[in-house]
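Me: Please take a close look at one side chain in the model shown below and at the contacts around it. I should like the cut-off behind each term to be stated as well.

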Amino acid sequence: MIGHRRIKVWEDNGDVKETEVYLPNIRDIVGFLNGTWDLKMYDDCFDGKNKMGDVDASIELFGHTLLLEFKRDRTALTAGQIVKAIRQARHSNITTIFVFGDTNRPHEYLRFSPNCLDGTGFIKTDIIGLSKVLRSWHNYAKKNALTKKSDPDWKTAKRYLASVGGGKK
């Protein structure tokens, strides 16, 4: 099956464990395992229980930003994540969609956007339904563009890429 892989793990004591994992979007398992940043080292930079979290997926188009957070189920969602989604929608024109389900098998989502600060409620979905939601966001962003191709942002980006030998464009 696509995405299923058999892996071996060598423990420090010399034991070898073998298991099958489902990693559909990871081409290089070793690179993935070695590339995860440990954000805990920055926890003392913030008051109280505040901690940095990763972003599972994001895209900016036409001046609009979409963030996706993938959760196995509703119980993985925290009050802080919801407040952040509401505040980003209200103050930063960011839409956040929490997608619930197994890897590449969404079964529902919850969306907060500048036009929907109270959230959509939990909406049943599947891959096709979620694709429609994402396409709808794209179409809205394109129709209500906040940027132009002539914006100086591209010139700034190209200047930085040139300083590092070109980079990805």
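**Arg74 and its surroundings**

Reply: Arg74 is partly exposed, with a relative accessible area of 41%; buried means under 20%, exposed over 50%, and partly exposed in between (1.4 Å probe, protein chains only). The model is predicted: local features need pLDDT of at least 70 and side-chain atom pairs pLDDT 80 or more, whereas totals for chains, interfaces and linings use all residues. Residues are numbered from 1 along each chain as its sequence is written, and side-chain values use heavy atoms, with hydrogens and water left out.

The side chain of Arg74 meets that of Glu108 in a salt bridge at 2.8 Å, N to O; the term denotes a side-chain nitrogen of Lys or Arg within 4 Å of a carboxyl oxygen of Asp or Glu. This pair links distant parts of the chain, 34 residues apart: Arg74 is in the loop between S4 and H2, and Glu108 in strand S6 (residues 105-112). Helices (H or I, at least four residues) and strands (E, at least two) are DSSP runs, numbered from the N terminus. Glu108 is buried, with a relative accessible area of 4%. Through shared partners, salt bridges join Arg74, Glu108 and Lys124 into one network.

The loop that carries Arg74 also holds Arg72. Arg72 forms a salt bridge with Asp102, the closest N and O atoms being 3.0 Å apart. Asp102 lies in strand S5, 30 residues from Arg72 in the loop between S4 and H2. Arg72 is exposed at 59% relative accessible area, while Asp102 is partly exposed at 34%. The structure holds 5 salt bridges. Another of them joins Arg6 to Glu18, with 3.0 Å between the closest N and O atoms; here Arg6 belongs to strand S1 (residues 4-10) and Glu18 to strand S2 (residues 16-22).

The strand of Asp102 leads on to the nonpolar interior. The largest nonpolar core, a set of buried Ala, Val, Leu, Ile, Met, Phe, Trp, Tyr and Cys residues joined through side-chain atoms within 4.5 Å, has 9 residues, including Leu66, Ile97, Val99 and Trp137. Strands S4 (64-71) and S5 (94-102) and helix H3 (127-143) each supply at least two of its residues, and H3 gives the largest share, 4 residues. A second, separate core of 6 residues includes Leu77, Phe98, Phe100 and Leu110.
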